[in-house]
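Please open the model in a viewer and keep the selection tool at hand. The tour below proceeds from one selection to the next and states what is to be found at each.

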Amino acid sequence: MRGKWWAPAGFAAAALVLAACGSSSSGSTSSASSSAPSAAASAASGTTLKMITFNGKKVLTNAQGMAVYWFAPDTSTKSNCNSSCLKFWPIVPGPATAASGVSGTLGVITTNGVKQATYDGHPLYTYVADTAPGQVKGNGLNASGGLWWVMTPNGAKVAAAASSAGSSSGGSSTGGSTGGSSTGGGGYGY
């Protein structure tokens, strides 16, 4: 007789749990909007741009310390990195926030339906071959139809190290001297 008493109680408990789930899903508009700020807060915290020194050169990174890049064929309003390109050069989600020392103009464009952060008019990306903070393996690469440059606080190009042209092992030694003038201000066509 005892076993028969637990079964209806279990069904009643299950019904209460399902009812609770049903009531929260029927208010999905409010729960979606209340979860959206937390998702936006996560995205914003993930896209904080910081300034870090790699091999004596100041470059911008995301919150995880991964270098961010700009693509020479892009414009201030359009990414020219297509869907196959984005597999290797993921966009930096926008909007981004600036940490101390980052003084450029932050903005947002939409790329393939996703908000992408920009810095001084350059849409921003990371590079999948950079597997740890301190690597800039994508700097100076000619890939996906154009040149890729690590983003500097003033927009000047950082010359790729000679050793990075033939191998990807030059990632943490990439840096070299600053190419172009530091008065470029982040414009296109350095």
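Helices (H or I, at least four residues) and strands (E, at least two) are DSSP runs, numbered from the N terminus. Alanine 67, for instance, is found in the loop between E2 and E3, and the tour will return to this residue. Residues are numbered from 1 along each chain as its sequence is written. The model is predicted, so to speak of local features a pLDDT of at least 70 is needed, side-chain atom pairs count only at pLDDT 80 or more, totals for chains, interfaces and linings use all residues, and side-chain values use heavy atoms, with hydrogens and water left out.

**The whole chain**

Select the protein chain and show it as a cartoon. Its secondary structure comes to three helices and 11 strands. Read from the N terminus, the order of elements is α-α-β-β-β-α-β-β-β-β-β-β-β-β. The chain has 190 residues, and 32% of them count as buried, where buried means under 20% relative accessible area, exposed over 50%, and partly exposed in between (1.4 Å probe, protein chains only). Among contacts with a separation of 6 or more, 60% are between residues 24 or more positions apart; a contact means heavy atoms within 4.5 Å. With the surface switched on, about 9,800 Å² is exposed, and carbon and sulfur atoms supply 61% of this area. These areas come from the Shrake-Rupley method with a 1.4 Å probe; for residues, only the protein chains shown count as cover.

**Colour by confidence**

Next, colour by pLDDT, the predictor's confidence in each residue, from 0 to 100. The average over the protein chain is 71, and 60% of the residues score at least 70. Confidence is highest in strand E3 (residues 69–71), at a mean of 97, and lowest in strand E11 (residues 178–179), at 34. Two stretches deserve a separate selection. Residues 5–46 have a pLDDT below 50, and this stretch has seven contacts in the model beyond near neighbours in sequence. Residues 162–190 also have a pLDDT below 50, and there the model has 55 contacts beyond near neighbours in sequence.

**The sheet E2-E1-E4**

Select strands E1, E2 and E4. These three strands form an open sheet in the order E2-E1-E4, with mixed pairing; two strands pair if DSSP finds at least two bridges between them. Strand E2 (57–61) and E4 stand at the edges with a single partner strand each, so one side of each is left without a neighbour in the sheet. Strand E1 (residues 48–54) pairs with E2 in the antiparallel sense over five bridges. Within this pairing, threonine 53 stands opposite lysine 58 in E2.

Now select threonine 47, in the loop between helix H2 (28–46) and E1. Is threonine 47 buried or exposed? It counts as buried, at 1% relative accessibility. Apart from neighbours within four places in sequence, threonine 47 is in contact with Val92, Pro93, Pro95, Ala96 and Thr97.

**Alanine 67**

Return to alanine 67, which is buried with a relative accessible area of 2%. Apart from neighbours within four places in sequence, its contacts include Phe54, Leu60, Tyr125 and Val150. A distance monitor between the C-alpha atoms of alanine 67 and alanine 132 reads 9.3 Å, across 65 residues along the chain.

**The aromatic cluster**

Show Tyr69, Phe71, Trp89, Tyr125, Tyr127 and Trp148 as sticks; together they form one aromatic cluster. How many aromatic pairs does a search of the whole structure find? It finds six. Rings of Phe, Tyr and Trp (its six-membered ring) pair if their centres lie within 6.5 Å; planes under 30 degrees apart count as stacked, over 60 as edge-to-face and the rest as tilted.

Centre first on tryptophan 89 and tryptophan 148. Their ring centres are 3.8 Å apart and their planes are at 0°, so the pair is stacked. Tryptophan 89 lies in the loop between helix H3 (83–86) and strand E4 (97–98) and tryptophan 148 in strand E9 (residues 146–150), so this pair ties together parts 59 residues apart in sequence. Both tryptophan 89 and tryptophan 148 are buried.

Then add tyrosine 125. Its ring centre is 4.9 Å from that of tryptophan 148, with the planes at 85°, so the pair is edge-to-face. Tyrosine 125 is buried, as is tryptophan 148.

**The disulfide**

Finally, select cysteine 81 and cysteine 85, which are joined by a disulfide (S to S 1.8 Å); the criterion is a pair of cysteine sulfur atoms within 2.5 Å. The structure holds one disulfide. The torsion about its S-S bond is about -100°, so the disulfide is left-handed. Cysteine 81 and cysteine 85 are both buried.
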